[in-house]
Amino acid sequence: MIGIVVSRADSASVHIGEHLRDLAEWEEATDDTRPDEAGGGRYYRRDGFELREFDDLHIYLDDPAEAFSSTPDFVAVVSRHSGETGPLLTAHFTGNFGPADYGGESGRFARACPNAQRAAVSALRDHAPDGYEVGIEATHHGPTETDVPSMFVELGSGEVEWDDPEGARAVAAAVLDIDGVAPDSDRQLVGFGGGHYAPRFERILRETDWSVGHIAADWQLKAMGDPDENRDVLRRAFDASAADVALVDGDREGLADVLDDEGYRVVSETWVRETAGVPLARVRDLESTLVRIEDGLRFGADIDAADYDVVSLPDPLLTEAQGIDIDAALDAVAETTVAYQTVEGGTRARGRAAVAGDSYDELVARLCEILRAKYDSVERDDGRVVASMTAFDPEAAKRRGVPEGPAFGKLSAGHEIEVDGEVISPAAVSKERIVDFSV
């Protein structure tokens with residue numbers, strides 16, 4: 001069950017609550033065990049949801065989850081967003097990396113629900129009216145002491161939007177769309193650095209299968225102070241995010257060193273993108289067996305293979321194929337391997353690879369096919385690939401008196417030329433070139 005919190009002190013929250021009740025059929029019930037101002041009295045319920053109203057502004061509620069008739073899987077607080085950002089629908093988690101200026105406790109965090117936030121942001125994109133942006137925010141304000149995971153889902157960013165029925169209805173529809181969504185997944189990280197509206201982390205939600213828990217924007221890291229002196233705060237952020245992976249935006253060696261010392265994996269955005277869709281146990285195994293992603297590991301199409309062998313790639317053959325058609329050569333490697341090493345920022349395959357079954361033979365066959373675009377003959381036999389072609393021979397041309405320059409170019413392009421009245425054909429100044437690749 002998802003608990004929905006509406007604050008009567010927030011006009012946008014009230015409007016969203018009205019649209020929630022209008023968009024679905026609810027059963028009215030009465031809770032005489034709690035005061036009306038604290039979530040008791042009349043409340044609303046339907047399959048998958050329970051909606052409670054509170055008099056206090058939601059950021060100052062100690063633990064709204066305790067008001068519900070049964071423990072929610074997570075709580076969605078519908079709220080206004082205030083800022084100079086224009087029409088904006090957003091979601092975020094609550095807590096304080098530094099002082100508690102707006103509710104909650106200093107250095108403490110409400111339990112996040114990263115997977116639910118990911119679903120909520122996707123739903124907000126689906127329902128956003130024209131002119132509205134959709135995003136996430138860094139962690140800020142209270143409450144911090146909730147017993148179950150929670151998030152704020154907000155309508156912003158000023159009076160016009162708070163009174164906008166289309167905006168309020170979009171937030172309400174998005175909340176209803178997350179019915180049945182689990183609060184967590186096995187792919188969650190904590191974010192550090194960047195601006196308050198966290199574009200890097202919003203991009204990760206939009207373009208990968210990772211979810212993002214608590215985020216410490218630049219201003220919160222400054223408020224927190226020295227990472228080494230606030231290890232307890234950092235640990236609480238990871239615990240509240242159910243995560244052990246950190247993505248640090250910007251050059252923050254001191255912070256990264258502390259996180260690494262605490263046992264958290266500090267990764268790059270490249271690491272997050274490359275691991276999308278790859279079982280994390282397989283990621284750990286291949287990084288241990290081959291090389292880390294930051295050092296060039298890339299995953300192939302056969303990533304779900306039950307077993308694999310580590311082999312050396314046929315580097316000379318691969319280099320020749322990449323020189324002929326880099327995209328086709330990389331596709332051949334990616335589509336026939338479990339994972340492979342790369343160099344030059346992931347743009348060229350070289351080194352070792354993990355392969356399953358007879359996929360290594362398939363890789364060699366595909367590389368041979370690429371070579372046929374350049375060579376007259378390409379044959380594979382007994383651990384070798386032999387490629388041959390008839391090519392222009394500059395030395396033979398010189399012996400026939402052909403001057404270097406445009407004449408060389410014409411002959412190499414297959415055109416006859418005339419030198420001192422003699423017609424010289426390309427065949428007369430060509431020789432067979434044979435290249436032998438060990439595979």
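**Sheet architecture and the environment of Thr 94**

Helix α4, spanning residues 165-177, lies across β1, β3 (41-46), β4 (49-54), β5, β6 and β8, and runs at about 160° to β8. The model described here is predicted. The strands contacted by this helix belong to an open sheet of 8 strands with mixed pairing, arranged in the order β2-β3-β4-β1-β5-β8-β6-β7. Its edges are formed by β2 (27-31) and β7 (133-136), each of which pairs on one side only. From one strand to the next, the twist averages 25°.

Within this sheet, strand β1 (residues 2-7) and strand β5 (residues 74-82) run parallel and are joined by 4 bridges. In this pairing, Val 5 of the former strand stands opposite Val 77 in β5. A further helix, α2 (residues 114-127), lies across β5, β6 (88-92), β7 and β8 (150-157). Its direction makes an angle of about 170° with β7.

The loop between β6 and α2 contains Thr 94. This residue has a relative accessible area of 2% and is therefore classed as buried, the cut-off being under 20%. The side chain of Thr 94 reaches the backbone oxygen of Pro 143 at 2.6 Å. Apart from residues up to four places away in sequence, Thr 94 touches Phe 109, Ala 110 and Phe 152, together with Thr 139, His 140, His 141, Gly 142 and Pro 143, as well as His 214.

How values were computed. Residues are numbered from 1 along each chain as its sequence is written. This is a predicted model: local features need pLDDT of at least 70, side-chain atom pairs count only at pLDDT 80 or more; totals for chains, interfaces and linings use all residues. Side-chain values use heavy atoms; hydrogens and water are left out. Two strands pair if DSSP finds at least two bridges between them. Helices (H or I, at least four residues) and strands (E, at least two) are DSSP runs, numbered from the N terminus. Axes are lines fitted to C-alpha atoms, for helices over the stretch in contact, and angles run from 0 to 180 degrees between N-to-C directions. Contact means heavy atoms within 4.5 Å. Buried means under 20% relative accessible area, exposed over 50%, partly exposed in between (1.4 Å probe, protein chains only). A polar contact is a pair of N or O atoms within 3.5 Å; within protein, one must be able to donate a hydrogen and the other to accept it, and residues adjacent in sequence count only if both atoms are side-chain atoms.
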